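Please open the structure in your viewer, with a cartoon for the backbone and sticks for the side chains that you will be asked to select. The stops below go from one selection to the next.

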Amino acid sequence: MEDRVRSAALDRHREVRSTSDMGSVPRFEYPISEAIRAHATTFPETAEGSSCVNRAFGAGGKNVLFLGEKPGRCALRSRSADVWQKIEFDPDDAPPVAELEASVTRSFLLLAPKQAQCDHGRRGRWPSTGR
């Protein structure tokens with residue numbers, strides 16, 4: 001992953017965290033996980049919680065994404081069409097950030113309440129889908 005992309009994602013995440021009312025949320029160990037979190041928290045009504053050993057991201061009371069870490073591994077679970085998909089990868093050899101962000105966006109669009117999707121669309125923020 002390019003350092004420039006990682007840096008921009010982390011800067012965006014810091015802005016989101018500083019303005020959120022989520023309280024103290026522990027940081028992920030790997031920068032790629034923080035970049036995914038940064039993107040996931042840009043969606044309206046998004047809240048971060050826990051689900052077993054993973055972090056769950058939900059909008060309007062529905063979980064739309066799960067993100068977990070183990071030593072040397074990251075796992076992203078998101079919705080794609082009719083199934084949940086799991087992307088596991090080494091954090092030092094991660095898929096492109098744009099690919100992971102597209103997976104997060106797709107999951108939000110499939111599962112989040114329609115009002116949250118409309119709010120997101122009105123803001124003109126469809127970073128990974130070109131909408």
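Select Ser51 and Asn54 to begin: Asn54, in β2, is the bridge partner of Ser51. This is a predicted model, in which local features need pLDDT of at least 70 and side-chain atom pairs count only at pLDDT 80 or more, while totals for chains, interfaces and linings use all residues. Residues are numbered from 1 along each chain as its sequence is written, and side-chain values use heavy atoms, with hydrogens and water left out.

Now show β1 and β2 whole; they pair in the antiparallel sense over six bridges, where pairing requires that DSSP finds at least two bridges between two strands, and strands (E, at least two residues) and helices (H or I, at least four) are DSSP runs numbered from the N terminus. The two strands form a hairpin with two residues between them, and Cys52 in the turn has a positive phi of about 55 degrees.

Widen the selection to the open sheet, whose five strands follow the order β1-β2-β3-β4-β5 with antiparallel pairing. Its edge strands, each pairing on one side only, are β1 (46-51) and β5 (83-89). From one strand to the next the twist averages 25 degrees, with axes taken as lines fitted to C-alpha atoms (for helices over the stretch in contact) and angles running from 0 to 180 degrees between N-to-C directions.

Next select residues 31-40, helix α2, which lies across β1, β2, β3, β4 and β5 and runs at about 170 degrees to β3; contact here means heavy atoms within 4.5 Å. Nine of the 10 residues of α2 are buried, so the helix is largely enclosed by the rest of the structure; buried means under 20% relative accessible area, exposed over 50% and partly exposed in between (1.4 Å probe, protein chains only). Helix α3 (residues 97-111) lies across β2, β3, β4 and β5, at about 40 degrees to β4.

Which aromatic pairs does a search of the whole structure find? There are two, where rings of Phe, Tyr and Trp (its six-membered ring) pair if their centres lie within 6.5 Å, and planes under 30 degrees apart count as stacked, over 60 as edge-to-face and the rest as tilted. Phe43 and Phe108 are stacked, with ring centres 4.2 Å apart and planes at 25 degrees; Phe43 is in the loop between α2 and β1, and Phe108 is in helix α3. Finally, select Phe66 and Trp84, a tilted pair at 5.5 Å centre to centre and 55 degrees between the planes; Phe66 is buried at 16% relative accessibility, whereas Trp84 is partly exposed at 39%.
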